[in-house]
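Visitor: Could you walk me through how to read the features of a protein model?

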Amino acid sequence: MRFRFPVVIIDEDFRSENTSGLGIRALAKAIESEGLEVLGVTSYGDLRSFAQQQSRASCFILSIDDEEFGSGSPEEIQEALATLREFVLEVRVRNEDIPIFLYGETRTSRHIPNDVLKELHGFIHMFEDTPEFIARYVMRECRAYLDSLAPPFFRALTHYAADSSYSWHCPGHSGGVAFLKSPVGQMFHQFFGENMLRADVCNAVDELGQLLDHSGPVAASERNAARIFNCDHLFFVTNGTSTSNKIVWHSTVAPDDIVVVDRNCHKSILHSIIMTGAIPVFLMPTRNHYGIIGPIPLDEFRPENIQRKIDANPFAKGIKSQPRVLTITQSTYDGVLYNVDAIKSLLDGKIDTLLFDEAWLPHASFHDFYVGMHAIGQNRAICDESMVFATQSTHKLLAGLSQASQILVQESASRTLDRNSFIEAYLMHSSTSPQYAIIASCDVAAAMMEPPGGTALVHESIMEALDFRRAMRKVDAEFGDDWWFKVWGPDYLAEEGIGDREDWVLQAGDRWHGFGDLAPGFNMLDPIKATVITPGLDVDGEFAESGIPAGVVTKYLAEHGIVVEKTGLYSFFIMFTIGITKGRWNTMVTELQQFKDDYDRNQPLWRVLPEFIQAYPCYEKVGLRDLCDQIHGIYKANDVAHLTTEMYLSDFVPAMKPAVAFAKMAHREIDRVSIDDLEERITSVLLTPYPPGIPLLIPGERFNATIVRYLQFAREFNTSFPGFETDIHGLVKETVDGEVRYFVDCVKF
Ligand SMILES: *Cc1c(COP(=O)(O)O)cnc(C)c1O
């Protein structure tokens, strides 16, 4: 396999007709005849962005010869040195290993300060050796560097794909050949390319090792990732963190075990409760009226308060054994983090296993900004007894392909992980045909995070996220009293740089978050998660005279090629992953300005949302502001902010164990109940409104009046505003006599 990594030469004489130009071009020619590509440039341009070339170069050759250096005035020398040094250090912030050579005359080398010299792979002396000799020397260093890049599994896979072996094993497309026999298959092949298909192999290929028994190059990669993420064990998972969570649960929870769970956790955790037959007691997060989920207060974690909940639970009370697992969403959907050390010290030895669902937090290990606010990493507290797990979606914030996920394990001082029995749980949830491209992306995503490169990537994400927030405030300031969007976060924002992480710690009683009295230092907002608040609703749940429901804004953005992560009533959510670019967030700012302009002029929807109007011509002549007013009106009339908050904070009393209620479906012992008749009925299914996509009611719990009122509201809303429907998973939609009706599968009376 050949990769393209040009040798980058920076020399202001690269195109000049003087001796120095001739010399450097002779070297370039010699390097090219060794088979490497050369990219010659005559200046550094913008140093910072040029240093980014480190990701695509095989080495840098920086020229310092007489012209720009030796015979210059002392100021010129100083200036040239300063540029050189800044460039070298800028590269080294991201990349410790890429070869950097200086190219110049012997007598200039004495000017180079030590801190630059120690970063160099060599000093090429002009005219002393032949260009061919130097080219071979450069070549050797480049090869060694490029050879060191690929982590174990990715390396083995590229070799395998390049080897052209005939396969008799699955998959049946045989390295892509099957596609070539059909026209649509040809299209598929051309679209994805040969390598993706050659690398799509099955686990009969010995030399790649086995994901399922964690052997060979796969195991070497998992060990490499464990080293990078600073944990005792790390397992790659190719079916998403949904599966990672189920694996951890099945490794430690059995039927009728008590488990302690964040009420607003991901549905995979609720699936785990159902699958394992556990008895859950829930920790209740706070919530503000924007619909933003806050942290679970520290007090909820106190063992005596957990015990109180156990005693109040009809299925758990009387069970003497300690809870098997605690699971919380570490980084809530809006970016609120917990101080993990505080949780570990409260619950060590009180709960067997602490699982932090870090689907949105795999970056935290790599930057000081997050010290103490993630589960496992360098110099982190270790429990005496409890085992700590973190599950991370590599694909959400790092460079994994969809479904790439990993399980991190931190052993306690007194217990090691029994890998054999853990792997039994792993196997229960894994396909026997894992996708090798996903494994390779787990491997590469981890290798990319190796400091200092990974730290630089996270630093950049934080930096861009703060620049976005600053840009939004600047626009706001310019508009003066006129309306503009706000980005949810602390009032104080550093004027430049990433500021102090203390700025992001949630302080008790601060109005911006609306979560009330939080324990000091217990929570922090991750600045790379940005919730944009639209006008119309304040943090106390009071509706303004007019407002702009977020669903209209995100529909507008989508038609302009911007798709956001999640939409609430008056807020939407975007993330600054390591794939962020200035272009991307600047486009967001300008599109929001476009929206404002179109809104202020009440532009007709056929003009501003043409694709939407094709699907929903009923809005053709409606103006953008009129539409916002109408939707705002119905939200306001129904007091939806209070309704949803109240609904999520209801006191849910379980009437059945979740697994028992769910099993009623398999046995067809259910009634399909119309939403008007739901009060007091016991649900068999998970009921999950989108947004926010957090399960509201869990199998075995009873509907209360608030939830019924909400469902009736959603029905009315969906009839009035087709195209803006609130989606509620778990509802069965049926058309009876031309009328759309909604039902929920409940336990039979
Ligand atoms: C997305 C998510 C998951 C599931 O991750 P996938 O990789 O999509 O399967 C689990 N927990 C939380 C908190 C999530 O947001």
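Guide: Gladly; we will go through the ligand site, the empty spaces, burial, cysteines and backbone angles in turn. This is a predicted model, where local features need pLDDT of at least 70, side-chain atom pairs count only at pLDDT 80 or more, and totals for chains, interfaces and linings use all residues. Residues are numbered from 1 along each chain as its sequence is written, and side-chain values use heavy atoms, with hydrogens and water left out.

Visitor: Let's begin with the ligand. How many residues surround the ligand, and which are the closest?

Guide: A residue is near a molecule if one of its heavy atoms lies within 4 Å of it. Here 13 residues surround the ligand, and the closest are Ser242, Asp357, Trp360, His395 and Lys396.

Visitor: Which polar side-chain atom lies 2.7 Å from an oxygen atom of the ligand?

Guide: A polar contact is a pair of N or O atoms within 3.5 Å; within protein, one must be able to donate a hydrogen and the other to accept it, and residues adjacent in sequence count only if both atoms are side-chain atoms. The 2.7 Å case belongs to the side chain of Trp360. Thr241 has a backbone N or O atom 2.8 Å from a ligand oxygen, and the side chain of Ser393 places an N or O atom 3.0 Å from a ligand oxygen.

Visitor: Thr241 brings me to burial. Which residues of helix H10 are buried?

Guide: Buried means under 20% relative accessible area, exposed over 50%, and partly exposed in between, using a 1.4 Å probe and protein chains only. Helices (H or I, at least four residues) and strands (E, at least two) are DSSP runs, numbered from the N terminus. In H10 (residues 240–250), nine of the 11 residues are buried, so this helix is largely enclosed by the rest of the structure. They are Gly240, Thr241, Thr243, Ser244, Asn245, Lys246, Ile247, Val248 and Trp249.

Visitor: What about a loop residue: is Asn313 buried or exposed?

Guide: Asn313 sits in the loop between helix H12 (303–312) and strand S9 (325–329), and is buried at 8% relative accessible area. A polar atom of the Asn313 side chain lies 3.4 Å from the backbone oxygen of Pro280. For contrast, Glu304 lies in H12 and is partly exposed, with a relative accessible area of 47%.

Visitor: Now the empty spaces. How many cavities of 30 Å³ or more are there?

Guide: Rolling a probe the size of a water molecule over the atoms shows where empty space is left. On a 1 Å grid over the protein atoms alone, a cavity is a set of points where a 1.4 Å probe fits but cannot get out, and a pocket is an open set with protein on both sides within 12 Å along at least five of seven lines; lining residues have an atom within 4 Å of a point. Grid points are joined across faces, edges and corners, and a volume is the space filled by probe spheres set on the points. The count here is three cavities of 30 Å³ or more.

Visitor: What lines the largest cavity?

Guide: The largest cavity holds about 50 Å³, and its lining is His266, Thr329, Ser331, Tyr333, Asp357, Glu358, Ala359, Trp360 and Lys396. For classes, Ala, Val, Leu, Ile, Met, Phe, Trp, Tyr, Cys and Pro count as nonpolar, Asp, Glu, Lys and Arg as charged, and the others, Gly among them, as polar. That lining has three nonpolar, three polar and three charged residues. The second largest cavity, about 40 Å³, has seven nonpolar, three polar and no charged residues in its lining.

Visitor: And how much space lies in the second largest pocket?

Guide: About 1,100 Å³. Of its 48 lining residues, the closest to the centre are Lys566, Thr567, Gly568, Tyr690 and Pro691.

Visitor: How many disulfides does a search of the whole structure find?

Guide: A disulfide is a pair of cysteine sulfur atoms within 2.5 Å, and the search finds zero. For Cys442, the nearest cysteine sulfur, that of Cys231, is 13 Å away; Cys442 is also buried, at 0% relative accessible area. Cys618 counts as exposed at 54%.

Visitor: Last, the backbone. Which residues does a cis peptide bond join?

Guide: Pro451 and Pro452, with omega about 5 degrees. Also look at Asp256, a residue other than glycine with a positive phi near 65 degrees; Asp256 is in the loop between H10 and strand S7 (258–262).
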